[in-house]
Amino acid sequence: MDIGQLVKHLKNQYSEFRDPYLRIRGNCVQCGNCCRSLILTYRKRPVYTMKEYEKLLRWDRLTYERFVVDDVQSESIPLTFSCKYQEGNRCSVHESRPEICKTYPHRSIFGMGAVLEESCGYRLVEKDSFEDILEKKMR
Ligand code: SF4
Ligand code: SF4
């Protein structure tokens, strides 16, 4: 095992230790819904105000300037955004999409109350549940 593999292995072990119960299984079926009315996060909580969104822009403009805010309703409801690179259900910049898109749905978002779209091909399962074991065996 070289140093890169060792670091990867330790990272996996660490994330298993931190979150031993939930696993994401399934595949993207390209429904496109996670790129519409999406909720962004800043400092591990949803973005509620344009001020917070502007902080995201200052932090990483390249990633976040692609998002356009939908209606601003109330400061008690997270803002929702659309992406200017979505064409129909597809991503027009798929090869160069940012990390937050590549890693969707990341486990961390569920701790912030996120739920998967009904149309999503991914689902959250308990580690070592029947579904989890079956899917691992079928890979
Ligand atoms: S860059 Fe592509 S994958 Fe990311 S939100 Fe936009 S359309 Fe979706
Ligand atoms: S909601 Fe799920 S299935 Fe639909 S495009 Fe996003 S990741 Fe793929």
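Here are legends for four close-up views of this predicted model.

**View 1. The residues around ligand 1.** Let's start with the shell of ligand 1, made up of C35, R66, F67, C83, Y85, Q86, C91, V93 and C101. Sort these neighbours by class and you get seven nonpolar residues, one polar and one charged. The charged one is R66, because Arg counts as charged.

**View 2. The residues around ligand 2.** Which residues surround ligand 2? They are C28, V29, Q30, C31, G32, C34, Y104, C120, G121 and Y122. Here the split is seven nonpolar and three polar, with no charged residues in the shell. Gly goes in the polar class, so G32 and G121 are among the polar residues here.

**View 3. A positive patch on the surface.** Now for some charge: R43, K51, K55, R58 and R61 form a positive surface patch. Which helix gives the patch its largest share? That's helix α2, residues 50-59, which supplies three of the patch residues. R61 sits in helix α3, which covers residues 61-64.

**View 4. A salt bridge between D132 and R25.** Side chains of opposite charge can pair when their charged atoms come close. In this view, D132 and R25 make a salt bridge, and their closest N and O atoms are 2.6 Å apart. The two partners come from distant parts of the chain, 107 residues apart. D132 belongs to helix α5 (residues 130-138), while R25 belongs to strand β1 (residues 22-26). The salt bridge count for the model comes to three.

Technical notes
Residues are numbered from 1 along each chain as its sequence is written. Chains are lettered from A and ligands numbered from 1 in the order in which they are written. This is a predicted model: local features need pLDDT of at least 70, side-chain atom pairs count only at pLDDT 80 or more; totals for chains, interfaces and linings use all residues. Side-chain values use heavy atoms; hydrogens and water are left out. A residue is near a molecule or strand if one of its heavy atoms lies within 4 Å of it. Patches are made of residues with over 30% relative accessible area and no salt bridge: like charges are joined within 9 Å, nonpolar side chains (Val, Leu, Ile, Met, Phe, Trp, Tyr) within 5 Å. Accessible areas come from the Shrake-Rupley method with a 1.4 Å probe; for residues, only the protein chains shown count as cover. A salt bridge is a side-chain nitrogen of Lys or Arg within 4 Å of a carboxyl oxygen of Asp or Glu. Lys and Arg count as positive and Asp and Glu as negative; His and the chain ends are not counted. The place of a charge is taken as NZ of Lys, CZ of Arg, CG of Asp or CD of Glu. Helices (H or I, at least four residues) and strands (E, at least two) are DSSP runs, numbered from the N terminus.
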